[in-house]
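Thanks for sharing this one. Below are a few notes to read alongside the coordinates.

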Amino acid sequence: MKNLLFALILLVSVIANAQEKVYRGEREKINNLVHIKLKVDFNFEESQMNGEAWVTLTPHFYSTNKVVLDAKAFKIHEISINGVKAPYNYSDNELIIDLDKTYKKGEEYTLYIKYIANPEKVKQKGSKVITDAKGLYFIDPKDEDLEKPTQIWTQGETEASSCWFPTIDSPNQKTTQEIYMTVPSKFVTLSNGILKSQTENTNGTRTDYWKMNQKHAPYLFFMGVGDFSIVEDSWNGLDVNYYVEPEYENVAKDIFGLTPEMMTFFSEITGVPYVWDKYSQIVVRDYVSGAMENTTAVVHGEDAQQKKGQLIDNNEWEGTIAHELFHHWFGDLVTTESWSNLTVNESFATYSVYLWYEYKYGADKAAAHMYDDVKVYLESQSEDKDLVRFYYEDKEHMFDPVSYHKGNAILHMLRNYLGDEAFFQGINTYLTEHKFGTAEAHDLRLAFEKVGGKDLNWFFNQWYFGNGHIKLNVTYDYNTLNQTVTVNTNQQGKVFQFPLSIDIYEAGRKLTHNVWIDNKQNSFTFPFNKLPKLINIDVKHVLLAEITDKKTLENYIFQYNNAPHYIDRRQAIEEIAKEQTNKDAFSTLIKALDDPYYELRVLALESIDLFQKYYKKEAIAKIEKLANSDKKTLVKAAAIGVLGKLVDPIYKPLFLKGMNSESYAITGSSLISLYQIDKQTTINKVNSLNADIKKHLADAITNIYISEQDKSKLPFIAKHVLKGMFLSDNKRTQQLYTQAFKWIAESDNKEAITNLTNDFVKLGLQYKKYNFDKMAVNMINQLVYAQQQSTNTNKDELILILKTGMAKLIE
């Protein structure tokens, strides 16, 4: 389980940093699930589900005459075994059932349970937090919201499947399943496995029968109901289908169409072909996370649905699609035995995005993605957390930048240490030996040791069962008499052991040295023929490390021109951009406008200062060329933005042309640039846009509205403030929306205050498990205070709106 999810993961990782000293091991296995059969229908008026469950189990090892099932907020009508009513006790969300005899290992028994699931009454308690992980979600069940379709969907992870069917709700259980879902005939359904039959009933409903013959964990069970268009695709004879709202049917393959190629790629690199009997993906409203890897029935949040104008620029969901698919090997096929070992699921799914980008788009794209992931971890204040954590406050807190982003970087280091062949054979061994079962981090270590023959305890002890990351200070001592250079490394804080690669660039040649760091301080002396132009540390940029050394401007200029890695070039551009009054630096920045990787061309455009004396005509000519003919729309948009800062009417035709582009990025950038030279034409164009286009150009339009100081546009701005403040990676965008937030906070615009409050409530409740509700309450309090201090004549009415929203978050 990108977008809002990871922004909120950062928040919760800070809030939930304290660890309570309670050991969280694998749940004891007394009984094992064998098969679960469900018959369900839905009460849309009450947001309830009527259910019948046949749960087949067997003792794990010791004989038993009782079974304990998880069942949260149920109304129990009947429980029986072999047709005879069974005595039971139901309290604290557990069903303790007396069996009709003592069963031995290998003997199976089937319980029948008739019940009503009440997801709105679920309150799941962690050590200190209450979440609304209610398992079963009714979206606009009474069809009262004109902007929202009626849907039902489920979310099982971590332990919320037991909110809609009785089970042993633990990741170390595996079971087959079958579900009969009775729904209004106008709706389609999706569940795990194969749709075996559909039966039309006489009362306007239809019963769909889904069957899953392969074992998987209870938290991966899924049901989806609603008005969806089903766009069909295939892979090796298997159905690969995309369930989207009808409005997005024509772009479904633009969003999800790389899925079959991903299935081939992941099957080949793991050596384990995709084992499941179909692969479907569904997009739902008000989803509580980014996406979820329900076996054969992946669910995505509504941000996955993008318009053509967005997809032309970049499919923002492609990485998430890869992540959830790879879970069908790591997480679904082989499942973590406990939430403490969650990283064996999530680090691999996160690393799959790197692997996919490396294969599909090349090393720069993959490296840029890894750079961003490592940055998320480094900024998360999670340095004191082990990757495998047996002591945590609440299981939900395991879903953080350590389990995901840090684990991803650790796998990348391990791959580099072992080499590709051993790394991928190790993956194959791990998956093959634990297929349809569970595993933990030690199983992963043993698989890699079995293949490569290297002891890896040192690696796992410091990276899996330890915390922190490498902090390395590097200095250089040159001895010109002996023609040697000594590289000194000094670890700050915790001492790690690791291999380190060092490139020494002399005139016309590069020498690579591989050394081993195992002390707080290490020194290595190397000869040279001519004084090095550059010494580059961790040349493949594989270490999870903060490395500091002192480089001159000349070093960075040489680095951009000679060191090939994405991070080398990025770092050089960032440092050179600080010294643009230097002629050679500015010339190098102009060269970076032609960098082979588009994100670095964008970075160079965003960094360049055209208001200085060197090579200005050359720079502008190159930017004009990028604005007109670069292959990437995001580069064109950035170039148009730079030209807009010149406030030169000569570019008006370019901006007018850009406003008619299919690309939303080019259109938005053209609007802002045209506004600098022709405000009225720009305003007329904005007013002519339909509401849907305006929504996707919100950043550009908000920028213009703020410049215009047009209070009548505050309701529009208010609908986009939260995403702009918390989701954008662009600091200018964050500053823009922070400014807009302050403007709205002090305004007397009732509609704007209402829109902003509703957004707080929606996101606060939707992401309550990440404590966004607490942050929303704090920010609404800021709005209340701003109104109290204002002279607005309607401030009492506005404060009431704000406090009503706050009450919804607190209740």
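In which sense do strand β25 and β31 pair, and over how many bridges? Here is what I found, with some other points.

1. **The β25 and β31 pairing.** Strand β25, residues 470-479, runs parallel to β31 where the two pair, and four bridges join them. If you would like a place to look, L472 stands opposite I547 in β31.

2. **The sheet around that pair.** Both strands belong to an open sheet of four strands, ordered β29-β26-β25-β31, with mixed pairing. At the edges are β29 (521-527) and β31 (545-548); each has a single partner strand, so one side of each is left without a neighbour in the sheet. On average, neighbouring strands here are turned by 20° against each other, direction ignored.

3. **Confidence.** Please keep in mind that this is a predicted model. The average pLDDT over the chain is 94, and 96% of the residues score at least 70. Two stretches deserve a mention, though. Residues 12-19 stay under 50 in pLDDT, and the model gives them 23 contacts beyond four places in sequence. Residues 125-130 are also below 50, with 14 contacts in the model beyond near neighbours in sequence. I would word any statement about the contacts of these two stretches with care.

4. **Helices α17 and α19.** The axes of α17 (residues 633-644) and α19 (residues 664-677) come within 8 Å and cross at roughly 5°. Angles under 35 degrees count as roughly parallel, so α17 is roughly parallel to α19. On the α17 side the contact is made by T633, L634, K636, A637, I640, G641 and G644, while α19 brings A665, I666, S669, S670, S673 and Q676. Sorted by class, this contact has five nonpolar, seven polar and one charged residues.

5. **Helices α3 and α5.** How are these two helices set against each other? Helix α3 (residues 259-270) packs on helix α5 (residues 318-326) at an angle of about 45°, and their axes are 10 Å apart. That angle makes α3 oblique to α5, and the crossing is right-handed. From α3, the residues T259, M262, M263, F266, I269 and T270 meet E318, I321, A322, L325 and F326 of α5. By class, the α3 and α5 contact divides into eight nonpolar, two polar and one charged.

6. **A suggestion for the text.** The two helix pairs could be described side by side: α17 with α19 as roughly parallel, and α3 with α5 as oblique. Their class counts could go with them, seven polar residues in the former contact and eight nonpolar in the latter.

Definitions and conventions
Residues numbered from 1 in each chain as written. Predicted model: local features only at pLDDT ≥ 70, side-chain atom pairs only at ≥ 80, totals over all residues. Heavy atoms only, no water. Axes fitted to C-alpha atoms, helices over the stretch in contact; angles between N-to-C directions. Parallel < 35°, antiparallel > 145°, perpendicular 65-115°, else oblique. Contact = heavy atoms within 4.5 Å. Nonpolar A, V, L, I, M, F, W, Y, C, P; charged D, E, K, R; others polar. pLDDT = per-residue confidence, 0-100. Left-handed = near helix turned anticlockwise from the far one by under 90°. Pairing = 2+ DSSP bridges.
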